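The exercises below are to be worked with the sequence and the coordinates side by side. Each one sets a task and then takes the solution step by step.

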Amino acid sequence: MLDSAGVLGRARRRVWGLSGRLIVSYILVTIAVVVLVEALVLCFQVAPLAEGAQLHAQLQAQVNATAQSYAQQLAQRYPDGVPTGTVLGDPGQPAQPGTVARSAPDGTLLVPAISGLIRGDRAVTAVVAIAADGTVLTSSAPSRYPPGRAAASELPVQAGTIIHPGGLIDIKEGNVPTPYGSVIFWMVRSQGGASASTLSPGAPGRIAYVYVQAPWSAPGFVNPARAWSELTHLGEGHLVLVAPATLLVAIVPVGVLFGLLASWRLVHRVRRLERATLAVADGDYTVALPASGRDEVGRLEVNFTAMTRQLGSALAAERQRATADARAAERARIAREMHDAISQHLFGLRMIAAGMRRADPGNQQAGVIERISEDALRDMQALLTELRPASLDGAGLAPALREICASYHDRLGVTVDARLDDVTVPAPVEHALLRITQEACANAVRHGHARRLAVSMTRQDGHAVLAVCDTGTGFDPAARHAGSGLAHIRDRAAELGGTVDIVSAPGRGAALTVRVPVP
């Protein structure tokens with residue numbers, strides 16, 4: 001039961017995890033793109049084609065009806081020829097280049113009569129009357145189709161190529177380009193006669209052909225709802241849906257596969273980062289993640305490794321500080337115990353021996369006991385001074401060193417000459433120099449029986465220089481020593497990259513100089 005619950009939990013996390021969300025996002029984005037492309041194709045390609053064909057057929061029928069109507073009207077109105085200066089069309093209709101004229105109730109176009117210049121270079125709805133010899137007799141736009149000009153040079157090529165002097169034509173239609181844009185035209189033979197003799201070149205002003213045109217431009221964007229309605233009306237809606245539906249069905253497995261392949265490495269990196277965070281939460285600050293890329297996750301891995309190292313260093317420093325504090329507290333406790341017990345006993349023993357010597361001046365044993373107790377008491381005071389170290393407490397190195405010098409003067413009666421400059425050094429250097437000074441002064445008093453000390457602190461050539469000199473018994477620096485005080489001093493200086501110089505000889509005191517590099 002527990003195993004099945006664990007499996008379900010892992011499956012749920014995988015489905016709703018980063019990989020599952022990426023897969024769903026890939027599928028949704030692809031579906032959105034397919035739908036958008038299909039809508040654009042429907043609006044800009046399929047629907048305009050369907051609607052364009054319908055509009056083209058409708059306009060062609062209007063142009064046809066208009067040409068037939070004008071051919072009949074002109075044959076009836078001008079059976080003997082068109083008078084000079086005649087302008088065809090309806091003067092009441094506005095001239096709108098590039099726009100199809102309005103329709104009449106009978107389905108024909110209301111061709112505007114444009115007697116002046118046509119502004120712009122777009123096609124207009126126009127009617128042109130052509131003689132049998134192929135010249136323009138009159139038109140609804142004389143400025144664009146001047147009378148007397150060859151119709152073949154003014155009309156579209158498809159219309160002009162069929163005009164031959166003395167020739168006959170019943171119908172000519174089409175959708176053709178012109179210098180003024182595409183037009184739909186219809187060209188018919190006039191109703192004024194049906195024989196070649198009637199349409200001979202010698203009949204001046206007689207209309208042989210009637211040409212009618214209207215501007216044409218294919219429709220652009222079509223409303224999707226209107227486009228779908230038109231396609232459904234034409235019975236072609238299912239054809240448009242077959243390809244998108246097939247693509248949408250294929251998107252799901254492809255999206256799942258692509259999502260797994262695309263997210264596998266990212267999910268693996270994130271899970272590795274998750275395991276590392278759990279290890280740090282459990283107290284393991286040695287975790288280091290290799291940078292697996294230059295993206296955001298890679299930078300996160302680098303920052304995570306730097307953070308764990310900083311946390312480890314901070315924790316080690318805190319442990320070291322806690323250890324030092326505990327050691328200092330223990331030394332202070334031992335010092336109190338020794339002062340309250342042993343020092344009092346030694347002081348009492350010296351007082352008894354002094355009383356015995358005064359009562360019996362010839363008692364040599366009492367004098368020896370008094371002298372030994374005084375030496376032991378002095379050594380005890382030196383030991384207590386060493387066990388009660390001065391603390392930096394944020395005041396700086398120089399004040400702490402002055403406190404040490406004052407304690408030797410006040411407690412042991414040692415004359416101390418202190419020359420201490422305010423040298424700013426890092427905290428580890430401060431701690432090391434403080435302990436070195438304590439060790440050097442303790443050695444001078446306890447082992448060298450020095451009654452005079454000289455302590456100095458200066459900064460020279462990028463180094464902090466500490467010097468401790470005494471007038472004690474001295475020693476041979478090259479000889480082996482049972483104690484570990486000098487070894488501790490050398491170790492502390494070496495940890496900071498510093499050096500220790502000792503100048504001493506038996507009976508000549510000692511001089512210790514420590515040089516530590518500082519920024």
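**Exercise 1: a pair of helices**

Task: in this predicted model, describe how helix α9 and helix α10 are arranged, and state which residues make the contact.

Solution: Begin with the axes: those of helix α9 (residues 397-412) and helix α10 (residues 427-446) come within 10 Å and cross at roughly 20 degrees. Angles under 35 degrees count as roughly parallel, and α9 and α10 are therefore roughly parallel to each other. As for the hand, the crossing of α9 and α10 is right-handed. Next, list the residues that meet: α9 contributes L397, A400, L401, I404, Y408 and L412, while α10 contributes E430, L433, L434, T437, Q438, C441, A442 and V445. Sorted by character, the residues of this contact between α9 and α10 comprise eleven nonpolar, two polar and one charged.

**Exercise 2: a glutamate in helix α8**

Task: locate E370 and decide whether E370 is buried or exposed.

Solution: E370 lies in helix α8, which spans residues 364-387. Its relative accessibility is 12%, and because buried means under 20%, E370 counts as buried. Finally, from C-alpha to C-alpha, E370 is 5.0 Å from A353 in space, although the two are 17 residues apart in sequence.

**Exercise 3: confidence**

Task: state what pLDDT the protein averages, and where pLDDT stays under 50.

Solution: The average pLDDT of the protein is 77, with 76% of the residues scoring at least 70. Among the stretches to mark, residues 166-170 stay under 50, and the model has twelve contacts for them beyond four places in sequence. Where pLDDT is low, the predicted coordinates should not be read in detail.

Technical notes. Residues numbered from 1 in each chain as written. Predicted model: local features only at pLDDT ≥ 70, side-chain atom pairs only at ≥ 80, totals over all residues. Heavy atoms only, no water. Axes fitted to C-alpha atoms, helices over the stretch in contact; angles between N-to-C directions. Helix = DSSP H or I, 4+ residues; strand = E, 2+ residues; numbered from the N terminus. Parallel < 35°, antiparallel > 145°, perpendicular 65-115°, else oblique. Left-handed = near helix turned anticlockwise from the far one by under 90°. Contact = heavy atoms within 4.5 Å. Nonpolar A, V, L, I, M, F, W, Y, C, P; charged D, E, K, R; others polar. pLDDT = per-residue confidence, 0-100. Buried < 20%, exposed > 50% of the residue type's maximum accessible area, 1.4 Å probe, protein only.
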